Amino acid sequence: MITSDREPRKARSKAPSSARQTSEGARMSAADAIRSAMEQLSELLGRAPESVSSLKPTDQGWEADVEVLELERIPETTSVMASYQVVLDREGQLVSYRRGRRYTRSQVDRTDRR
């Protein structure tokens, strides 16, 4: 399926394709968790996520930070992005999500490391 950057990606089925059958209590792989987070968040928001900036395993499944284009502007460097915190269970089903910070695409995180 071909989509433009401005159209949300369509889910292939009701269950995410990345939610492969796992044995009882087994955690899905990190790559499958990323795909699952992006597919499900896209379906809920109606926007295609651009990247996953962090992923970590938890006792319940996975937590990810997913970057989404919120408002497209010209030039692209002024477009508004948002970072969503996504929680997946062990099977890769989205349990919750929350929009965190919003920022312009050109913004660079600055930390004072000494």
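**Exercise 1.** Determine whether arginine 105 is buried, partly exposed or exposed, and identify its salt-bridge partner.

*Solution.* Step 1: arginine 105 has a relative accessibility of 30% and therefore counts as partly exposed; buried means under 20% relative accessible area, exposed over 50%, and partly exposed in between (1.4 Å probe, protein chains only). This is a predicted model, in which local features need pLDDT of at least 70 and side-chain atom pairs count only at pLDDT 80 or more, while totals for chains, interfaces and linings use all residues. Residues are numbered from 1 along each chain as its sequence is written, and side-chain values use heavy atoms, with hydrogens and water left out.

Step 2: arginine 105 forms a salt bridge with glutamate 50, the closest N and O atoms being 3.0 Å apart. A salt bridge is a side-chain nitrogen of Lys or Arg within 4 Å of a carboxyl oxygen of Asp or Glu.

Step 3: glutamate 50 lies in strand E1 and arginine 105 in the segment after E4, 55 residues apart. Strands (E, at least two residues) are DSSP runs, numbered from the N terminus.

**Exercise 2.** Establish which arginines form salt bridges with glutamate 70, and state which network includes this residue.

*Solution.* Step 1: glutamate 70 is buried, at 15% relative accessible area.

Step 2: one of its partners is arginine 47, with the closest N and O atoms 3.3 Å apart. Arginine 47 sits in the loop between H1 and E1.

Step 3: arginine 99 also meets glutamate 70 in a salt bridge (3.0 Å, N to O). Arginine 99 lies in strand E4 and glutamate 70 in strand E2, so the pair ties together parts 29 residues apart in sequence.

Step 4: salt bridges link Arg47, Glu70, Arg99 and Arg102 in a network.

Methods. Helices (H or I, at least four residues) and strands (E, at least two) are DSSP runs, numbered from the N terminus.
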